[in-house]
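Student: I have a model open and would like to test some of the terms used to describe it. Could we go through them together?

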Amino acid sequence: MQIDKLLIDKLKSARSVVFFTGAGISAESGIPTFRGKNGIWNKLKPEELANFNAFMQNPDMVWEWYNHRKKIIHESVPNPAHLTIADMQKYFDDVTVITQNIDNLHRRAGSNKIFELHGNIERNYCVKCKKFYNEELDFSEGVPKCDCGGLIRPDVVWFGEFLPQDQFKAGEKAAMNADIFFIIGTSAVVYPAAGLVYTAKQNGAVLVEINVTETEISSIVNYSFLGKAGEILPEILNKYKTAVNL
Ligand code: OAD
C-alpha cells in the first residue's frame, strides 16, 4: 500500500492527533457493524430496539438485545487498529479518541483520552432517578430495578436522544485543535457525531479516512485509504517510526 510521504511529514510535525471511530474499527474484533452487507440495521429496526419508548413498552426485549451484544463484546478483544491507536500515545503529545462505539474496546486497548459520543455498554442507569449502576446486573427476576423503583437501562444513546454534552463538547474541542484527524470505520451519516469531521476540516486539520468502502465524507478528505483499519493503521505507524528512526 502506498503511504504518501507528505502524510508522514504531516505526522512528524503533528502535535494533536485525533481518531474519530465507528463500528468498522471493531469489525475485525468480530463485532457486527450497523450498516452495509451484514449490518445490524438490515435485520433489525432501530425504532423497535434503540429508542426510549420501545424500552418502556418492552424492556425485556430491549435488554435481551443489549445483553446479546454485551456477550459478543465481552468475547471480543481489541484488534490491531485499537492497539495501534493506543500505541500512538508513545509517539505523539496529544492523542484523542472520539468514538461512536459503545463497546469499550479503545479503553481495553489502553487509550487514555476517549470521548464516547454514544455511551458505553458497561454502564447503566435508572430511567427515573438517573442513579448509575456500573456493576454486572442481575436479570434473574426480570429487568433490574433501581432502589427508587425505576427501570435500569443501558447508558447508550438511543434514537431521538441527546448526546452526552460533556463528551460531545470535549470531542468538538479536540476536533477544532486537531492537526491530523483520522476517520476510521464509520459511514459518517449519523449526526451530530459526523459533524465533527467538518469541524476538524474547517479548523485546518488534515483529514485521513480509513474504510473498506467510500463514504459520504470521502470526497472532502485529504487522504483516503481503502482497506481494513487493522491492517492500514499499523502500516502507517510503522512507516512513521521508520521515518523518525524509532
Ligand atoms: P456503520 O455500520 O454505519 O458503518 C461502519 C463503517 O465501517 C462502514 O462504512 C464500513 O464500510 C466500515 N468498515 C467495516 N469494516 C471495516 C474495517 N475492517 N476497517 C475499516 N472500515 C470498516 O457504523 P457507524 O458509522 O459507527 O448509533 O454508525 C454510526 C452510528 O449509527 C452508531 O454509533 C449507532 C448507529 O445507529 C447509535 O446507536 C446511536
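Tutor: Gladly; we will take the ligand, then a pair of helices, then two loop residues.
This is a predicted model, in which local features need pLDDT of at least 70, side-chain atom pairs count only at pLDDT 80 or more, and totals for chains, interfaces and linings use all residues. Residues are numbered from 1 along each chain as its sequence is written, and side-chain values use heavy atoms, with hydrogens and water left out.

Student: Which residues are closest to the ligand?

Tutor: They are Phe34, Arg35, Thr186, Ser187 and Asn211, out of 23 residues that surround the ligand. A residue is counted if one of its heavy atoms lies within 4 Å.

Student: What makes the pairing of Arg35 with the ligand a polar contact?

Tutor: A polar contact is a pair of N or O atoms within 3.5 Å. A polar side-chain atom of Arg35 lies 2.6 Å from a ligand oxygen, so the pair qualifies. Phe34 uses a backbone N or O atom, 2.7 Å from an oxygen of the ligand, while a backbone N or O atom of Ala229 lies 3.0 Å from a ligand nitrogen. Taken alone the ligand exposes 790 Å², and the protein buries 91% of that (Shrake-Rupley method, 1.4 Å probe).

Student: How do you know that helix 8 and helix 9 meet?

Tutor: Contact means heavy atoms within 4.5 Å, and Phe168, Gly171, Glu172, Ala175 and Met176 of helix 8 meet Leu196, Thr199 and Ala200 of helix 9. By class, that contact has five nonpolar, two polar and one charged residues; Gly counts as polar here.

Student: What describes how helix 8 and helix 9 cross?

Tutor: The axes of helix 8 (residues 165-177) and helix 9 (residues 195-202) come within 7 Å and cross at roughly 35°. Axes are lines fitted to C-alpha atoms over the stretch in contact, with angles from 0 to 180 degrees between N-to-C directions.

Student: Where is Pro192, and what bond joins Tyr191 to Pro192?

Tutor: Pro192 is in the loop between strand 6 (180-184) and helix 9, and a cis peptide bond with omega about 10° joins Tyr191 and Pro192.

Student: What is notable about phi of Asn104?

Tutor: Phi of Asn104 is near 70°, a positive value in a residue other than glycine.

Definitions and conventions. Helices (H or I, at least four residues) and strands (E, at least two) are DSSP runs, numbered from the N terminus. A polar contact is a pair of N or O atoms within 3.5 Å; within protein, one must be able to donate a hydrogen and the other to accept it, and residues adjacent in sequence count only if both atoms are side-chain atoms.
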